[in-house]
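Open the model in your viewer and keep the sequence panel beside it. The stops below tell you what to select and what to look for there.

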Amino acid sequence: MPDRSRLAPLDPVTAVSIAVAVAPVGYLLGWLFVVHLVPLATAVWLSTVLVIVVSLLGVAARGPRDDERP
């Protein structure tokens, strides 16, 4: 089993930028689709958090680009 995670660390500015960029998508998904399953506030909150987490994991799994490596 590897000692290190395969996820690359993200700097705080990148993490916040990603969260701000994808939050409207999560809000829209919650408002359009998830609201049929749970109340509106819960649907919007859950879908927004889910979209942010998935996008952060996706960027961290991708790792740094060639121009970002030291």
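## First stop: Ala 61

Select Ala 61. Leaving aside neighbours within four places in sequence, Ala 61 is in contact with Arg 6 and Leu 7. Bear in mind that this is a predicted model. Ala 61 sits in helix α2. Now add Pro 9 to the selection. Pro 9 and Ala 61 are 52 residues apart along the chain, and their C-alpha atoms are separated by 9.2 Å.

## Step back to Ala 60

Move to Ala 60, also a residue of helix α2. Is Ala 60 buried or exposed? Ala 60 has a relative accessible area of 7%, so it counts as buried. Show what surrounds it. Ala 60 touches Arg 6, Leu 7, Ala 8 and Leu 10, with residues up to four places away in sequence not counted. Draw a distance from Ala 60 to Pro 9. The C-alpha to C-alpha separation is 6.4 Å, across 51 residues of sequence.

## Zoom out: the whole chain

Show everything as a cartoon. The protein has two helices and zero strands. Colour by burial next. Of the 70 residues, 21% count as buried. Switch on the surface. About 5600 Å² is exposed, and carbon and sulfur atoms supply 71% of that area. How much of the contact set with a separation of 6 or more comes from residues 24 or more positions apart? The share is 58%.

## Helix α1

Select residues 12-32, which make up helix α1. Place a distance between the end C-alpha atoms: they are 30 Å apart. The 21 residues should span 30 Å at 1.5 Å a residue, so the expected and modelled lengths agree.

Now look along the helix for a bend. Where is the kink in α1? Centre on Val 22: a kink of about 35° lies there, shortly before the proline Pro 24.

Keep α1 selected and show side chains. Ile 18, Ala 19, Val 22, Gly 26 and Gly 30 are its buried residues. What do they pack against? Their partner is α2, residues 40-62.

Pick Ala 23 in α1 as well. Its relative accessibility is 23%, so Ala 23 counts as partly exposed. Ala 23 touches Thr 48 and Ile 52, leaving out residues up to four places away in sequence. Add Val 44 to the view. The C-alpha atoms of Ala 23 and Val 44 are separated by 9.9 Å, with their positions 21 residues apart along the chain.

## Helix α2

Select α2 from end to end. Its end C-alpha atoms are 33 Å apart. At 1.5 Å a residue, 23 residues should span 33 Å, so this helix agrees with expectation.

Show the buried positions: Ala 43, Val 44, Ser 47, Thr 48, Val 51, Ile 52, Ser 55 and Ala 60. These buried residues of α2 pack against α1.

## Two polar side chains in α2

Centre on Thr 48, a residue of helix α2. Thr 48 counts as buried because its relative accessibility is 15%, and buried means under 20%. Which backbone oxygen lies 2.7 Å from a polar atom of the Thr 48 side chain? The oxygen belongs to Val 44. Now show the neighbours from farther along the chain. Thr 48 touches Ala 23, Gly 26 and Tyr 27, not counting residues up to four places away in sequence.

Move along to Ser 55, in helix α2. With a relative accessible area of 18%, Ser 55 is buried. Follow the side chain. The Ser 55 side chain reaches the backbone oxygen of Ile 52 at 2.8 Å. Then show what Ser 55 meets beyond its sequence neighbours. Ser 55 touches Ile 18 and Val 22, not counting residues up to four places away in sequence. Val 22 is also where α1 kinks.

## Last stop: after α2

Finish at Gly 63. This glycine follows α2, and its phi is positive, near 85°.

Technical notes. Residues numbered from 1 in each chain as written. Predicted model: local features only at pLDDT ≥ 70, side-chain atom pairs only at ≥ 80, totals over all residues. Heavy atoms only, no water. Helix = DSSP H or I, 4+ residues; strand = E, 2+ residues; numbered from the N terminus. Expected span 1.5 Å × (residues − 1). Bend = angle between axes of the 7 residues up to and from the residue. Buried < 20%, exposed > 50% of the residue type's maximum accessible area, 1.4 Å probe, protein only. Contact = heavy atoms within 4.5 Å. Polar contact = N/O pair within 3.5 Å; in protein donor to acceptor, adjacent residues only side chain to side chain. Areas by Shrake-Rupley, 256 points an atom, 1.4 Å probe, with all protein chains shown as cover.
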